[in-house]
Amino acid sequence: MWLKLRLYLIMAILFAIVYGLVAFAANYMGISGFFFYGVLATVMMLIQYMIGPKMVEWSMGVHYVTEAEYPALHRMVTELARDAGIPKPRIGIARIPIPNAFAFGRWAKDGRVCVTEGIMNLLNEKELRAVLAHEISHLKHKDVAIITMISVIPMICWYFAWNQLFSGGRERGNGILIGIVALIIYLITNLLVLYVSRIREYYADEGAVKLGSSPHHLASALYKLVYGSARVSKE
């Protein structure tokens, strides 16, 4: 319950900040300024939301696999998705040695769960199932959409600060001061977005346990992932 309250509080603060910033821009520059930043926020969010999966696939080198190729992996994901009450996501393998797993997608039927070759070689079946349950919980809780939506807020603050500092702000007298304030708000909102992301991770851990994974196996998997990532980085 406390996690939910903290999440709602932080999200309310984030949207209050961006609303105040946009309202100030409207008052300072006229209705055209309000319209510009409103359109900017909407366009940036839509672009990030739509091209996000392709960017993840490209950056991580994701290759989607069939049930014939990885039957055990498909079986675990199928069972977890069924228990979570969501459509079965596409399953991919990222051919990189760093042990990791991640979930992404635009909506419920577009969900994807990917694991790296490193994690497949590192964890036992129960640990891997716990990690997959964690990722399935991200999809169930719509964490991708939530983080995408709120991460636009710091970007709006950044563009507003840039506009005030380097696009004629000096000619308006106090434009530089406004830009500096917007830059500070940008840094604060970035930290708040990171905090929301951390809360969503706690939710996913809780969701993994609700899907039947042992907290011990989840903790053991996390320990191995941290250790395995550090070892790969040194090689």
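The legends below walk through a predicted model, from the whole chain to a few close-up views. Residues are numbered from 1 along each chain as its sequence is written. Local features need pLDDT of at least 70, side-chain atom pairs count only at pLDDT 80 or more, totals for chains, interfaces and linings use all residues, and side-chain values use heavy atoms, with hydrogens and water left out.

**View 1. The whole protein chain holds 8 helices and 4 strands.** Helices (H or I, at least four residues) and strands (E, at least two) are DSSP runs, numbered from the N terminus. Along the sequence, their order is α-α-β-α-β-β-β-α-α-α-α-α. Of the 235 residues in the protein chain, 42% are buried; here buried means under 20% relative accessible area, exposed over 50%, and partly exposed in between (1.4 Å probe, protein chains only). The accessible surface of the protein chain is about 12900 Å², with 66% belonging to carbon and sulfur atoms. Those areas come from the Shrake-Rupley method with a 1.4 Å probe; for residues, only the protein chains shown count as cover. Among contacts in the protein chain with a separation of 6 or more, 68% are between residues 24 or more positions apart, a contact being heavy atoms within 4.5 Å.

**View 2. Strand 2 pairs with strand 1 and with strand 4.** Two strands pair if DSSP finds at least two bridges between them. Strand 1 (residues 62–64) runs antiparallel to strand 2, and 3 bridges join them; Tyr 64 stands opposite Gly 92 in strand 2. Strand 4 (residues 112–116) runs parallel to strand 2, with 5 bridges between them, and Ile 93 has Val 115 as its bridge partner there. Strand 2 (residues 90–94) is largely enclosed by the rest of the structure, because 4 of its 5 residues are buried.

**View 3. The charged end of Arg 90 sits over the ring of Tyr 64.** The distance to the ring centre is 3.8 Å. To count, NZ of Lys or CZ of Arg must be within 6 Å of the ring centre and within 35 degrees of the ring normal.

**View 4. Phe 102 and Phe 104 form the 1 aromatic pair of the structure.** The pair is stacked, at 5.9 Å centre to centre with 25° between the planes. Rings of Phe, Tyr and Trp (its six-membered ring) pair if their centres lie within 6.5 Å; planes under 30 degrees apart count as stacked, over 60 as edge-to-face and the rest as tilted. Phe 102 has a relative accessible area of 13% and Phe 104 one of 5%. Both point one way from strand 3 (residues 101–104), while Ala 101 and Ala 103 point the other way, and all are buried. Strand 3 also pairs with strand 4 in the antiparallel sense over 4 bridges, where Phe 104 has Arg 112 as its bridge partner.

**View 5. Helix 5 is mostly covered, and Lys 142 lies in the loop after it.** In helix 5, 12 of the 16 residues are buried, among them Leu 128, Val 131, His 134 and Ile 136. The end C-alpha atoms of helix 5 are 22 Å apart, which agrees with the 22 Å expected, taken as 1.5 Å times one less than the number of residues. Lys 142 is found between helix 5 (125–140) and helix 6 (143–166), and is exposed, with a relative accessible area of 56%. Its phi is near 60°, a positive value in a residue other than glycine. Most residues other than glycine have a negative phi.
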